[in-house]
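Subject: Structure handover

Hi,

Here is the structure I promised to pass on to you. Please have a look at it first, and then read on for what turned up.

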Amino acid sequence: MESLYSRRSNLIIGFHGCDASVVRKVVNGEEDLIPSTNDYDWLGNGIYFWENNEARALQWATELSKRKGSSIKKPAVVGAIIDLGYCFDLTDSTYLQELKDAYDIFVEICQRAGKTLPKNTDIGTSTDKLIRKLDCSVIQTVHLINQDANKRAYDSVKGVFWEGHSLYPNAGFAEKNHIQICVCNPNCIKGYFLPRGIDTAYPNP
(Lines give C-alpha, C1' and ligand atoms only; values in the text may rest on other atoms or scores of the structure.)
Protein backbone atom coordinates (compact mmCIF):
# COMPACT_ATOMS: atom_id res chain seq x y z
CA MET A 1 0.00 0.00 0.00
CA GLU A 2 1.44 3.33 -1.05
CA SER A 3 2.05 5.96 1.64
CA LEU A 4 3.44 9.49 1.63
CA TYR A 5 6.87 8.00 2.31
CA SER A 6 6.85 5.08 -0.15
CA ARG A 7 9.16 6.65 -2.70
CA ARG A 8 12.79 7.57 -2.09
CA SER A 9 13.33 11.26 -2.63
CA ASN A 10 15.77 14.14 -2.61
CA LEU A 11 14.68 16.27 0.31
CA ILE A 12 15.29 19.92 1.09
CA ILE A 13 14.54 22.04 4.15
CA GLY A 14 12.24 25.02 3.76
CA PHE A 15 11.04 27.69 6.17
CA HIS A 16 7.69 29.48 6.17
CA GLY A 17 7.19 32.76 8.00
CA CYS A 18 3.83 33.27 9.70
CA ASP A 19 2.15 34.02 13.04
CA ALA A 20 3.18 31.97 16.07
CA SER A 21 -0.37 30.64 16.42
CA VAL A 22 -0.18 29.16 12.93
CA VAL A 23 3.15 27.47 13.70
CA ARG A 24 1.68 25.76 16.75
CA LYS A 25 -1.39 24.49 14.89
CA VAL A 26 0.61 23.25 11.88
CA VAL A 27 3.22 21.42 13.95
CA ASN A 28 0.47 19.87 16.10
CA GLY A 29 -1.31 18.64 12.97
CA GLU A 30 -4.39 20.74 13.66
CA GLU A 31 -4.26 22.53 10.31
CA ASP A 32 -2.17 22.82 7.13
CA LEU A 33 -0.55 25.85 5.58
CA ILE A 34 -2.91 27.53 3.12
CA PRO A 35 -1.73 27.95 -0.49
CA SER A 36 -1.33 31.53 -1.63
CA THR A 37 -3.48 32.54 -4.62
CA ASN A 38 -2.52 36.20 -4.98
CA ASP A 39 -2.20 37.40 -8.56
CA TYR A 40 1.18 38.94 -7.71
CA ASP A 41 2.89 35.87 -6.20
CA TRP A 42 6.43 35.53 -7.55
CA LEU A 43 6.21 31.84 -8.47
CA GLY A 44 2.49 31.40 -9.02
CA ASN A 45 -0.05 29.78 -6.73
CA GLY A 46 1.06 27.49 -3.92
CA ILE A 47 2.60 27.23 -0.45
CA TYR A 48 5.75 29.32 -0.14
CA PHE A 49 9.02 28.50 1.58
CA TRP A 50 12.48 30.05 1.82
CA GLU A 51 14.92 27.26 1.00
CA ASN A 52 17.29 26.58 3.90
CA ASN A 53 16.86 30.16 5.14
CA GLU A 54 15.20 30.42 8.55
CA ALA A 55 16.48 33.97 9.11
CA ARG A 56 14.94 35.28 5.89
CA ALA A 57 11.60 33.64 6.69
CA LEU A 58 11.54 35.36 10.09
CA GLN A 59 12.62 38.66 8.57
CA TRP A 60 9.75 38.46 6.06
CA ALA A 61 7.21 37.63 8.78
CA THR A 62 8.49 40.50 10.93
CA GLU A 63 8.24 42.98 8.06
CA LEU A 64 4.72 41.79 7.24
CA SER A 65 3.62 42.11 10.88
CA LYS A 66 4.29 45.85 10.73
CA ARG A 67 1.76 46.42 7.96
CA LYS A 68 -1.65 47.74 8.86
CA GLY A 69 -4.21 44.96 9.23
CA SER A 70 -1.60 42.19 9.08
CA SER A 71 -2.67 38.75 10.33
CA ILE A 72 0.81 38.29 11.80
CA LYS A 73 0.90 39.57 15.38
CA LYS A 74 3.81 37.51 16.69
CA PRO A 75 6.26 36.65 13.87
CA ALA A 76 7.49 33.05 13.86
CA VAL A 77 8.82 30.35 11.55
CA VAL A 78 7.79 26.77 10.85
CA GLY A 79 10.23 24.39 9.18
CA ALA A 80 9.27 21.80 6.57
CA ILE A 81 10.88 18.77 4.96
CA ILE A 82 10.06 19.06 1.26
CA ASP A 83 10.45 16.75 -1.71
CA LEU A 84 10.47 18.99 -4.79
CA GLY A 85 9.15 16.13 -6.92
CA TYR A 86 8.57 17.13 -10.54
CA CYS A 87 9.93 20.65 -10.16
CA PHE A 88 9.61 23.60 -12.52
CA ASP A 89 13.15 24.67 -11.70
CA LEU A 90 13.94 28.20 -12.86
CA THR A 91 17.64 27.67 -12.20
CA ASP A 92 17.64 25.25 -15.16
CA SER A 93 17.87 26.44 -18.78
CA THR A 94 15.24 23.93 -19.97
CA TYR A 95 12.56 25.37 -17.71
CA LEU A 96 13.60 28.95 -18.37
CA GLN A 97 12.95 28.32 -22.07
CA GLU A 98 9.60 26.76 -21.22
CA LEU A 99 8.71 29.88 -19.24
CA LYS A 100 9.70 32.10 -22.17
CA ASP A 101 7.53 30.03 -24.52
CA ALA A 102 4.62 30.30 -22.08
CA TYR A 103 5.05 34.08 -22.07
CA ASP A 104 4.61 34.19 -25.85
CA ILE A 105 1.44 32.12 -25.54
CA PHE A 106 0.14 34.31 -22.71
CA VAL A 107 0.72 37.46 -24.78
CA GLU A 108 -1.31 35.93 -27.61
CA ILE A 109 -4.12 34.98 -25.20
CA CYS A 110 -4.28 38.54 -23.86
CA GLN A 111 -4.31 40.01 -27.35
CA ARG A 112 -7.16 37.75 -28.48
CA ALA A 113 -9.16 38.58 -25.36
CA GLY A 114 -8.48 42.30 -25.69
CA LYS A 115 -6.86 42.37 -22.24
CA THR A 116 -3.93 44.48 -21.12
CA LEU A 117 -0.81 42.51 -20.31
CA PRO A 118 -0.16 42.58 -16.53
CA LYS A 119 3.09 44.12 -15.31
CA ASN A 120 5.66 43.54 -12.61
CA THR A 121 5.81 46.71 -10.52
CA ASP A 122 7.76 48.27 -7.68
CA ILE A 123 6.54 49.28 -4.23
CA GLY A 124 7.73 52.57 -2.74
CA THR A 125 11.46 53.10 -3.17
CA SER A 126 12.17 49.44 -3.90
CA THR A 127 13.24 48.47 -7.42
CA ASP A 128 12.84 44.72 -6.84
CA LYS A 129 9.50 44.36 -8.66
CA LEU A 130 7.79 43.16 -5.48
CA ILE A 131 4.41 42.99 -7.23
CA ARG A 132 4.89 40.35 -9.93
CA LYS A 133 1.57 40.06 -11.70
CA LEU A 134 3.21 39.31 -15.03
CA ASP A 135 5.49 36.55 -13.71
CA CYS A 136 2.63 35.01 -11.75
CA SER A 137 0.39 34.96 -14.82
CA VAL A 138 3.07 33.41 -17.02
CA ILE A 139 3.85 30.67 -14.49
CA GLN A 140 0.16 29.92 -14.12
CA THR A 141 0.02 29.69 -17.92
CA VAL A 142 2.72 27.00 -17.76
CA HIS A 143 0.47 24.97 -15.45
CA LEU A 144 -2.54 25.47 -17.73
CA ILE A 145 -0.58 24.41 -20.83
CA ASN A 146 0.41 21.19 -19.06
CA GLN A 147 -3.16 20.60 -17.97
CA ASP A 148 -4.61 21.17 -21.43
CA ALA A 149 -2.03 18.80 -22.94
CA ASN A 150 -2.71 16.15 -20.28
CA LYS A 151 0.92 16.33 -19.24
CA ARG A 152 2.22 15.65 -15.76
CA ALA A 153 1.52 18.57 -13.43
CA TYR A 154 4.45 20.28 -11.74
CA ASP A 155 4.71 19.50 -8.04
CA SER A 156 6.71 22.60 -7.20
CA VAL A 157 8.34 25.72 -8.62
CA LYS A 158 11.82 26.91 -7.67
CA GLY A 159 13.36 30.32 -8.30
CA VAL A 160 16.42 32.33 -7.30
CA PHE A 161 15.96 36.02 -6.55
CA TRP A 162 18.31 38.96 -6.13
CA GLU A 163 16.55 41.30 -3.74
CA GLY A 164 17.42 44.27 -1.56
CA HIS A 165 20.32 46.70 -1.48
CA SER A 166 23.77 45.76 -2.76
CA LEU A 167 26.02 44.27 -0.11
CA TYR A 168 28.78 46.71 -1.07
CA PRO A 169 29.52 49.19 -3.89
CA ASN A 170 29.30 47.57 -7.36
CA ALA A 171 28.46 44.21 -5.78
CA GLY A 172 26.75 41.42 -7.66
CA PHE A 173 25.09 40.31 -4.43
CA ALA A 174 22.21 41.85 -2.50
CA GLU A 175 21.23 41.70 1.16
CA LYS A 176 18.06 39.68 0.59
CA ASN A 177 19.18 37.18 -2.06
CA HIS A 178 17.31 33.92 -1.64
CA ILE A 179 15.93 30.74 -3.14
CA GLN A 180 12.16 30.48 -2.99
CA ILE A 181 10.09 27.33 -3.26
CA CYS A 182 6.43 27.27 -4.22
CA VAL A 183 4.80 23.93 -3.42
CA CYS A 184 1.87 23.17 -5.74
CA ASN A 185 1.35 19.57 -4.59
CA PRO A 186 0.90 19.42 -0.79
CA ASN A 187 2.13 15.81 -0.79
CA CYS A 188 5.61 17.27 -1.40
CA ILE A 189 5.59 18.39 2.24
CA LYS A 190 6.71 15.33 4.19
CA GLY A 191 6.53 16.91 7.62
CA TYR A 192 6.71 20.10 9.67
CA PHE A 193 9.00 20.92 12.56
CA LEU A 194 9.95 23.62 15.04
CA PRO A 195 13.40 25.03 14.20
CA ARG A 196 15.99 24.21 16.88
CA GLY A 197 18.77 26.36 18.24
CA ILE A 198 22.32 25.17 17.66
CA ASP A 199 24.18 23.28 20.42
CA THR A 200 27.48 25.17 20.54
CA ALA A 201 29.15 22.32 22.42
CA TYR A 202 29.27 20.37 19.14
CA PRO A 203 30.32 21.22 15.57
CA ASN A 204 27.59 21.95 13.04
CA PRO A 205 27.82 18.90 10.69
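Helices and strands here are DSSP runs (H or I with at least four residues for a helix, E with at least two for a strand), numbered from the N terminus. Please keep in mind that this is a predicted model, in which local features need pLDDT of at least 70 and side-chain atom pairs count only at pLDDT 80 or more, while totals for chains, interfaces and linings use all residues. Residues are numbered from 1 along each chain as its sequence is written, and side-chain values use heavy atoms, with hydrogens and water left out.

First, the overall picture. The protein has four helices and nine strands, and along the sequence they come in the order β-α-β-α-β-β-α-β-β-α-β-β-β. Its radius of gyration, taken over C-alpha atoms, is 18 Å, close to the 17 Å from the globule rule (2.2 Å times the number of residues to the power 0.38) for 205 residues, so the protein is as compact as a globular protein of that length. Along the principal axes, the C-alpha atoms fill a box of roughly 60 × 55 × 35 Å.

For contacts, the cut-off is heavy atoms within 4.5 Å. Of the contacts between residues at least 6 apart in sequence, 68% join residues at least 24 apart. Buried residues (under 20% relative accessible area, with exposed meaning over 50% and partly exposed in between, for a 1.4 Å probe and protein chains only) make up 37% of the 205 residues. The protein exposes about 13100 Å² by the Shrake-Rupley method with a 1.4 Å probe, and carbon and sulfur atoms supply 52% of that area.

Now to single residues, starting with Asp-19. Asp-19 belongs to strand 1, residues 11-19. What is the nearest side chain of opposite charge to this buried residue? It is Lys-73, 7.5 Å away, and Asp-19 has no salt bridge (a side-chain nitrogen of Lys or Arg within 4 Å of a carboxyl oxygen of Asp or Glu). In this count Lys and Arg are positive and Asp and Glu negative, with His and the chain ends left out. The side chain of Asp-19 does reach the backbone nitrogen of Lys-74, at 2.8 Å. Beyond its neighbours within four places in sequence, Asp-19 is in contact with Ser-71, Ile-72, Lys-73, Lys-74 and Ala-76.

Two other acidic residues are worth a look. Glu-51 sits in strand 2 and counts as buried at 19% relative accessibility. Not counting residues up to four places away in sequence, Glu-51 touches Ile-12, Ile-13, Gly-14, Lys-158, Ile-179 and Ile-181. Glu-31 lies in the loop between helix 1 (20-27) and strand 2 (47-51) and is partly exposed, with a relative accessible area of 32%. Leaving aside neighbours within four places in sequence, Glu-31 is in contact with Val-22, Lys-25 and Val-26.

Finally, some backbone angles. Most residues other than glycine have a negative phi. Asn-52, in the loop between strand 2 and helix 2 (54-65), has a positive phi near 55 degrees and is exposed at 58% relative accessible area. Asn-150 has a positive phi of about 55 degrees as well; Asn-150 is in the loop between helix 4 (133-148) and strand 7 (156-161), and is exposed at 72% relative accessibility.

Best wishes

Note on methods:
A polar contact is a pair of N or O atoms within 3.5 Å; within protein, one must be able to donate a hydrogen and the other to accept it, and residues adjacent in sequence count only if both atoms are side-chain atoms.
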